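Work through the exercises below with the sequence and the structure at hand, and try each task before reading its solution.

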Amino acid sequence: MIDQERLWENQEIIYEELTLPEESDEQGKKNRQLFCENLELILKNSGHILKTPEYFYIRHEWSLVGGIYAGSKYIPLGVLIKLWQEDKWLDECPSCAGKTYVFCAGGSPLSGSHYTNAVCTACNEIVNRKKTSGLAALMKPAFNLCKSHTQTRKILRTRGPRFSWSKGLVGEKVPDQVLEDVVKPVSLGELIDKLKR
Ligand SMILES: [Zn+2]
């Protein structure tokens with residue numbers, strides 16, 4: 001462990017959140033469809049996903065919670081499962097009146113008006129809804145869970161080289177040293193392939 005007191009003047013500890021995997025619009029749509037078609041399989045394997053960080057931390061641009069002024073958070077798959085298990089982020093399907101699983105919600109926390117995207121496993125369809133109230137009830141538990149399940153990489157950064165008028169550049173550029181790494185999640189496609197086997 002390197003603590004703050006033992007760092008050199010030109011060193012600092014920084015925490016970096018793992019960025020989302022790049023996903024084109026088309027890939028995003030495909031993955032969303034894959035998620036919809038395989039949600040029952042995902043639900044059946046909830047326990048396994050919750051215990052496996054490579055699966056737990058799968059995130060996508062199309063699965064977030066957020067609002068104007070409040071910022072947004074991409075929701076790890078494991079957090080979605082936890083929300084559903086706590087009877088949160090569930091809704092009713094307008095076509096079959098069955099249960100839907102919300103995976104994205106955003107809007108205005110002031111007026112409460114928002115949209116949700118959910119999966120109805122009975123209809124095997126994505127259900128998009130607009131609502132006039134109730135955003136806070138969705139945001140609060142999701143933000144809390146996202147906060148307690150954020151992976152950050154702990155890095156020791158050494159600044160350099162420095163510029164000196166008399167000597168020019170002083171010191172060599174030191175590469176970042178990763179002190180604590182994050183678990184890199186597999187892709188949704190890989191997860192589903194593994195669950196199907
Ligand atoms: Zn339905």
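**Exercise 1.** Determine whether K44 counts as buried or exposed.

*Solution.* Begin by locating K44, which is found in helix α2, residues 39–44. Next, count its neighbours: K44 has 12 C-beta neighbours inside 10 Å and therefore counts as exposed (buried means 20 or more other C-beta atoms within 10 Å, exposed 12 or fewer, partly exposed in between, with C-beta atoms placed from the backbone). This is a predicted model, in which local features need pLDDT of at least 70 and side-chain atom pairs count only at pLDDT 80 or more, while totals for chains, interfaces and linings use all residues. Residues are numbered from 1 along each chain as its sequence is written.

**Exercise 2.** Describe how helices α1 and α7 are arranged.

*Solution.* First take the axes: those of α1 (residues 25–37) and α7 (residues 188–196) come within 10 Å and cross at roughly 30 degrees. The two helices are therefore roughly parallel to each other, a term for angles under 35 degrees. Then list the contacts, where N31, L34 and F35 in α1 meet L188, G189 and I192 in α7 (C-beta atoms, placed from the backbone, within 7 Å). By class, this contact has 4 nonpolar, 2 polar and no charged residues.

**Exercise 3.** Which strand order does the open sheet of 3 strands have?

*Solution.* The order is β1-β8-β11, with antiparallel pairing (strands pair if DSSP finds at least two bridges between them). The edge strands, each pairing on one side only, are β1 (11–17) and β11 (177–180). From one strand to the next, the twist averages 35 degrees. Finally, β8 (residues 152–158) pairs with β11 over 3 bridges, and K154 stands opposite E180 in β11.

How values were computed: Axes are lines fitted to C-alpha atoms, for helices over the stretch in contact, and angles run from 0 to 180 degrees between N-to-C directions. Helices (H or I, at least four residues) and strands (E, at least two) are DSSP runs, numbered from the N terminus. Angles under 35 degrees count as roughly parallel, over 145 as roughly antiparallel, 65 to 115 as roughly perpendicular and the rest as oblique. Two residues are in contact if their C-beta atoms, placed from the backbone, lie within 7 Å. Ala, Val, Leu, Ile, Met, Phe, Trp, Tyr, Cys and Pro count as nonpolar, Asp, Glu, Lys and Arg as charged, and the others, Gly among them, as polar.
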